[in-house]
Amino acid sequence: MLLHNNSPMLILTKENITDYLRDRMPELDFSKPFIISAVGEGPEEEDGDGFVNYVFRVSDGKKKLIVKQAREKGRKGGFAVPLERGFYEYQSMELRKAIVPDYIPELYFFDHENHVFVTEDVSHLKIIRFQLNKGVMFPKFASQTAEYLAKTHFYTSEYYLDTKAFRDLTIHFMNHKMR
């Protein structure tokens, strides 16, 4: 359940993201300017073709982060987007992180008030669909994909969970706010 204190949501920009993180991630190195880019400004092959959330890559020179904010309108097209989607996505990633930690980036926090979550930046990895379209081969692709799918499906199924836990999980994630 999302709790709101009715204060206005902070809209993150490249200009205010450093101050936003200063209050929430004091372990970052604030001694020099951060390197900040908005996902979507770069080539599609590097950034993907996402058009819903506002996503920033942030680096303090040591740690690299993804800062993702859900807003009432999608990044491209201006269509309405339920703000709660970001929290459901974060919860889904937390669940998968517990099951297959090697396949999920570090999750740092979720900010309910501003609909923001921060994760490890794994943009050093390539978007696989673009690589496969070029004929690039990944020897472990099939086994890693199979492991991810098998474990996430099994450990969230009624074969593994008791009936109540399974149904509660199903009800929680089966909603019109997720796509």
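The following exchange walks through salt bridges and a surface patch in a predicted model.

Biologist: What kind of model is this, and which pLDDT is needed for local features?
Modeller: Residues are numbered from 1 along each chain as its sequence is written, and side-chain values use heavy atoms, with hydrogens and water left out. The model is predicted, totals for chains, interfaces and linings use all residues, side-chain atom pairs count only at pLDDT 80 or more, and local features need pLDDT of at least 70.

Biologist: How many salt bridges does a search of the whole structure find?
Modeller: A salt bridge is defined as a side-chain nitrogen of Lys or Arg within 4 Å of a carboxyl oxygen of Asp or Glu. With that cut-off, the search of the whole structure gives a total of 8.

Biologist: Which parts does the salt bridge between D111 and R24 tie together, and how many residues apart are they in sequence?
Modeller: The closest N and O atoms of D111 and R24 are 3.6 Å apart. Helices (H or I, at least four residues) and strands (E, at least two) are DSSP runs, numbered from the N terminus. Because D111 lies in strand β4 (residues 107-111) and R24 in helix α1 (residues 17-24), the pair ties together parts whose separation in sequence is 87 residues.

Biologist: Is D111 buried or exposed?
Modeller: Buried means under 20% relative accessible area, exposed over 50%, and partly exposed in between, with a 1.4 Å probe and protein chains only. R24, the partner of D111 in the salt bridge, is partly exposed at 33%. D111 has a relative accessible area of 9%, so D111 counts as buried.

Biologist: Where does D121, the salt-bridge partner of R57, lie?
Modeller: R57 and D121 form a salt bridge with their closest N and O atoms 3.8 Å apart. R57 is in strand β2 (residues 54-59), and the pair links distant parts of the chain, 64 residues apart, with D121 in the loop between β5 (116-120) and α4 (128-133).

Biologist: Which helix holds both K151 and E147?
Modeller: The side chains of K151 and E147 meet in a salt bridge at 2.8 Å, N to O. The two residues are 4 residues apart, about one turn of the helix, and both lie in helix α5.

Biologist: Which residues form the nonpolar patch on the surface?
Modeller: Nonpolar side chains (Val, Leu, Ile, Met, Phe, Trp, Tyr) are joined within 5 Å and like charges within 9 Å, using residues with over 30% relative accessible area and no salt bridge. F141, in helix α5 (residues 141-154), has 35% relative accessibility and so counts as partly exposed. Together the patch has about 300 Å² of accessible area, by the Shrake-Rupley method with a 1.4 Å probe and only the protein chains shown as cover. Its members are I128, L132, F138 and F141.
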